[in-house]
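Student: I should like to learn how to read a protein model that I have not met before. Could the features be taken one at a time, with the general idea before the case?

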Amino acid sequence: MNEMTSVFLEQLKNGHVLFDGGLGSLLQARGLPAGVLPETWNITHPEVLIQIHREYLEAGADVVTTNTFGANPFKFPEEKTEEDSYTLREIVTAAVANAKAAVRETGRGFVALDLGPTGKLLEPMGDLSFEDCVSAYAEVVRFGAEAGADFVLIETMSDLYELKAAVLAAKENGALPVIATVAFDASGKLLTGGTPKSVVALLEGLRADALGLNCGLGPDAMAAVAKELLTYASVPVIVQPNAGLPRSEEGRTVYDLGAEDFAAQMKEIIAMGAKGLGGCCGTTPAHIRALREVLQSSAGMSERSDSLRRDATLVTSFADAAEIGDEPIIIGERINPTGKKLLKQALRDEDMEYILNIGLKQQEQGAHLLDVNVGEPGIDEVAMLTRVVKELQSVTELPLQLDSADPEALARAMRIYNGKPMINSVNGKQESMDAVFPLVQKYGGVVVCLCLDEDGIPETADGRIAIAEKIIREAAKYGIEKKDLLIDALCMTVSTDERNAMVTLETVRRSREELGVKTILGVSNISFGLPLREVINAAFYTLAMENGLNAAIINPGSADMMRAYYAFRALKGFDPHLKAYIDACGGGLIAAAATRGAAPAGVNTVPATEAAPSSSEHAGGPLFHAISKGLKAEAVSAAKEALKEREALAIIDEDMMPALDAVGQGFEKGTVFLPQLMMSAEAAKAAFAIIREHLRRQEGEAASKGNIVLATVQGDIHDIGKNIVKVLLENYNYRVIDLGRDVPPEKVVEAALREQAPLVGLSALMTTTVPSMEKTIRLLREQAPEVRVMVGGAVLTKAYADAIGADFYAKDAMGGVTVAERIFAGEAAV
Amino acid sequence: MNTEKVNRKEIAHYLGIHGASPDAQTEEVIEDCLRELSAKVNPKHVFRTYPLALVPPASEEEVPLLHFADIGVQSRDLSRNLAGCDEVLLFGATLGDGADFLIRRYEKTRMSRALVMQASAAAMIEAYCNEINDAWEAEYAAKGFSLKPRFSCGYGDFALEHQKDFLRVLELEKRLGIRLTDGCLMVPTKSVTAVIGIYQERDE
């Protein structure tokens, strides 16, 4: 750390640091034309930049921010492309030099290397991978550090995932302090759903040196969010508002707060305890001068209020934070293959839909977090944990608990996790702590700490508390605070020693009272080897909560456990007006769980279908009805019933296919509509899953009819149509290789060859992407001439399909099935 | 967002149900999707007004050139739409990431619901745009002005490329979280940009 850096951090901690204000509008006022990237002026008009930086320093700013907001490899390439273009290195180097020149000329000030959003979309919304995003920021950071910036300022961020990429890039490419500020809107949320709490949790987890707010709002509107940040943040907080609200005046954007009004509104934020102050859009050197005066006159104003919550234990998803405190938290335990045959199979088949549905089901049942464990012999756990975490975080807003004994699997998953995760687990063995704590130090996280070490699990509470203390001490060496540790006292079954429960409960209580640390338990082991385990589990869960248990890893689908949970909250005053309890009873959460396993009612009372009759004697039976009506649960139980009496293949041929055909014909005639077609398809899919499982047990796997590659073409991000076709084709027993959306022609060709697929289906929704479809067909003709191509999508017609050289045009979802049936039956001629 | 104003017929239309009413089961799913959406979306919009200049083409064959903000647009269809206007209102609106999140969730886990969610969200952003449009119409009517129907890039010969101009001029990335794919499609996908012509009714 150089001298300037430590002086800067010292000043931020102990006094106030005044940042500069807006830059864009000042550049425009000095003649920057519309459409010209402002960063090019670092090189073409250095004198203008130096002048603006100087004006800010002379107005009293301690920090000048480099003109690099939009400087990234997506806008400025590594190599010169044209005579008058600039490389990223040239832009960043010149920007830092301009700021340093101003500092030299005025004799004071720090230089902040500015990083803004990349303007690109990260997965899963877009196609920029997390690692590519980190690399993009890394280049800017390296060039800026080489050029002599004093610290990195990441600002105006609204996507926490992009923010995480930027902070990691800054931390991994030099030793400069990192400050990050985000842009909230008037509702107190980031555009992607983040909250002040989740911002603090993420940034402090990543060890940012300071954090805060900029842009989006004026000082008054920002005060409430600033207060929330100050409540939770342990590091200094920076606030850089706009000069009020923008409006359009003769085609120009102007802001409504003058310098004096702006500074006056900042008084409240200073009084709350913000350490770094400055301005964003619409603010000028005059605003900063007025702010400097206010700052001087408010020296010695009261520090932060006494309602601080810096000890809050927070885990986050891409959106909100879950707080682990006195109110008990449920962590859903179901994504764990131990003892679950279907999940093991799903992991081997990479059946993400199955796994995601387990997660969403637990969310519906009331879990606050989801444990994710994919450790299973024969599975590459490192790759699979990352994959499942990516998939889960794209469909659930619950934070995840990354559960693995493999530090490499944890490291990879923690890196790509969108938020501050829970980690399961570390224990008192030196080897475990040496592996896990450095990861938590780097990526942030709340860690489950098991009370065992090299000597095993102590039999007494004293022994377990001693291990907990050891873990807490070791964590402190890495700067990991108690708030980020959850002690797991461990449950040994009472069937081997009736004192086991008491030891666990005492450890829980003493961890809270004596060590001042929060606790977690996997509850159900307590009853191992006993009959009616749920009875013991639920009672033990209640006792544990009464002894101070903060979080439990349980099955939220267990009626007994959920009853214990809701009843405890109701009795302990955590449930105002007992609303959650009553809702859970009325909404059937508890009651539904209680009847889990019972056959759903109504299977035999489904009204007669209006679908077309079939020659099969079973057409019209319960499974036929359930599928043609799109009733998933009924289809599953009807399939199970049918399997008791009949052959699997007969059921498929006599009940299921006729039902699918009848619905498909109805769709073509216009008596059945797309949503019903899809609901039937899903009911059939669920029934198929039951039948396949049955076949697998008999080692009589039904072979698929063949491989079909599907893709939404390059440039198009609408893939709902393609996904519909996929579901239907799978029901007709084709193996679909789904390449997703925005797929380059080369990738389609490569997949068609690799999978030896006789048929490729291409989808496009926009007229603008049809040329890309044509290009894909041309490439297929060149490199895989035997492959047939069907196309579909909103803008296509038969004539259009012919014009671009497709073999078949599928006018709707069933059209794809018709084409496939013809191709695979050998009737290839159109 | 209040879902009452979302046009159910339009949702049915997006689902391929033309002329008929959806069955009760589908109707129920539609209502349920609207409920789920309304809890998750965060509709927002920004707008600014600019003077409009039309460069008349030298000949019939030449495509007319329009200027507003710092944007130059060559388009016959847009110039027809803006005929008689001296001023335009540019706006951008979005339901936010929430709608895409729900569509993605169900695409991966329950396609039939994804389908209805997608159609419901499309009708919802339309309803939101209509709502703000109506308010502007009333506001301008009070001052003696009328508004042309909104016109988006991608319509007719108004090139989709101009989406970049909307993003820059209205600061849509910073203010609404809208970004563009390489093919100039907006994400969040349930977003709209448009230009609305403002004109004064003249007594002839």
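The dialogue below goes from whole chains to single residues.

Student: What should I know about the model and its numbering before I begin?

Tutor: This is a predicted model, in which local features need pLDDT of at least 70, side-chain atom pairs count only at pLDDT 80 or more, and totals for chains, interfaces and linings use all residues. Residues are numbered from 1 along each chain as its sequence is written, chains are lettered from A and ligands numbered from 1 in the order in which they are written, and side-chain values use heavy atoms, with hydrogens and water left out.

Student: How many helices and strands are there in chain A?

Tutor: Helices (H or I, at least four residues) and strands (E, at least two) are DSSP runs, numbered from the N terminus. Chain A has 31 helices and 25 strands. Its radius of gyration is 31 Å, close to the 28 Å that the globule rule gives for 830 residues, so chain A is as compact as a globular protein of that length. The radius is taken over C-alpha atoms, and the rule is 2.2 Å times the number of residues to the power 0.38. Along the principal axes, the C-alpha trace of chain A spans about 95 × 80 × 50 Å.

Student: What are the corresponding values for chain B?

Tutor: Chain B contains seven helices and nine strands, and its C-alpha atoms fill a box of roughly 55 × 40 × 30 Å along the principal axes.

Student: What percentage of each chain is buried?

Tutor: A residue is buried under 20% relative accessible area, exposed over 50% and partly exposed in between (1.4 Å probe, protein chains only). In chain A, buried residues make up 59% of the 830 residues. In chain B, 54% of the 204 residues count as buried.

Student: Which domains are assigned in chain A?

Tutor: Domain bounds come from an automatic or database domain assignment. For chain A the assignment gives domain 1 (3-297), domain 2 (323-557), domain 3 (603-697) and domain 4 (707-824). The C-alpha centres of domain 3 and domain 4 of chain A lie 27 Å apart. Contact means heavy atoms within 4.5 Å, and 14 residues of domain 3 of chain A are in contact with eleven residues of domain 4 of chain A.

Student: How is a nonpolar core recognised?

Tutor: In soluble globular proteins, nonpolar side chains tend to be buried together. A nonpolar core is a set of buried Ala, Val, Leu, Ile, Met, Phe, Trp, Tyr and Cys residues joined through side-chain atoms within 4.5 Å. The largest here has 182 residues, of which I154(A), L163(A), L277(A), F437(A), L485(A), L521(A) and Y541(A) touch the most other members. This core draws at least three residues from each of domain 1 (3-297) and domain 2 (323-557) of chain A. A second, separate core of 95 residues includes I691(A), A820(A), V6(B) and A123(B).

Student: Where is F8(A) found, and is F8(A) buried or exposed?

Tutor: F8(A) is found in helix 1 (residues 3-14) of chain A. Its relative accessibility is 1%, so F8(A) counts as buried. Leaving aside neighbours within four places in sequence, its contacts are V17(A), V63(A), F110(A), F151(A) and I179(A). F8(A) and D150(A) are 142 residues apart in sequence, and their C-alpha atoms are 8.4 Å apart in space.

Student: How is the span of a helix judged?

Tutor: The expected span is 1.5 Å times one less than the number of residues. Helix 20 (residues 559-571) of chain A has 13 residues and reaches 18 Å from its first C-alpha to its last, close to the 18 Å expected. Among its buried residues are M561(A), Y565(A) and F568(A). Helix 20 of chain A is followed by G573(A), whose phi is positive, near 80°.

Student: What backbone geometry deserves a second look?

Tutor: Most residues other than glycine have a negative phi, and most peptide bonds are trans. C215(A), which is not a glycine, has a positive phi of about 60°, and at 2% relative accessibility it counts as buried. H577(A), also not a glycine, has a positive phi of about 60°, and this residue lies in the loop between helix 20 and helix 21 (579-586) of chain A. At 79% relative accessibility, H577(A) counts as exposed.

Student: Which peptide bonds are cis?

Tutor: One of them runs from E123(A) to P124(A), with omega near 5°. P124(A) is in the loop between strand 3 (110-115) and helix 6 (130-147) of chain A. Another cis bond joins N424(A) and S425(A), with omega about 15°, and S425(A) is found in strand 16 (residues 422-427) of chain A.
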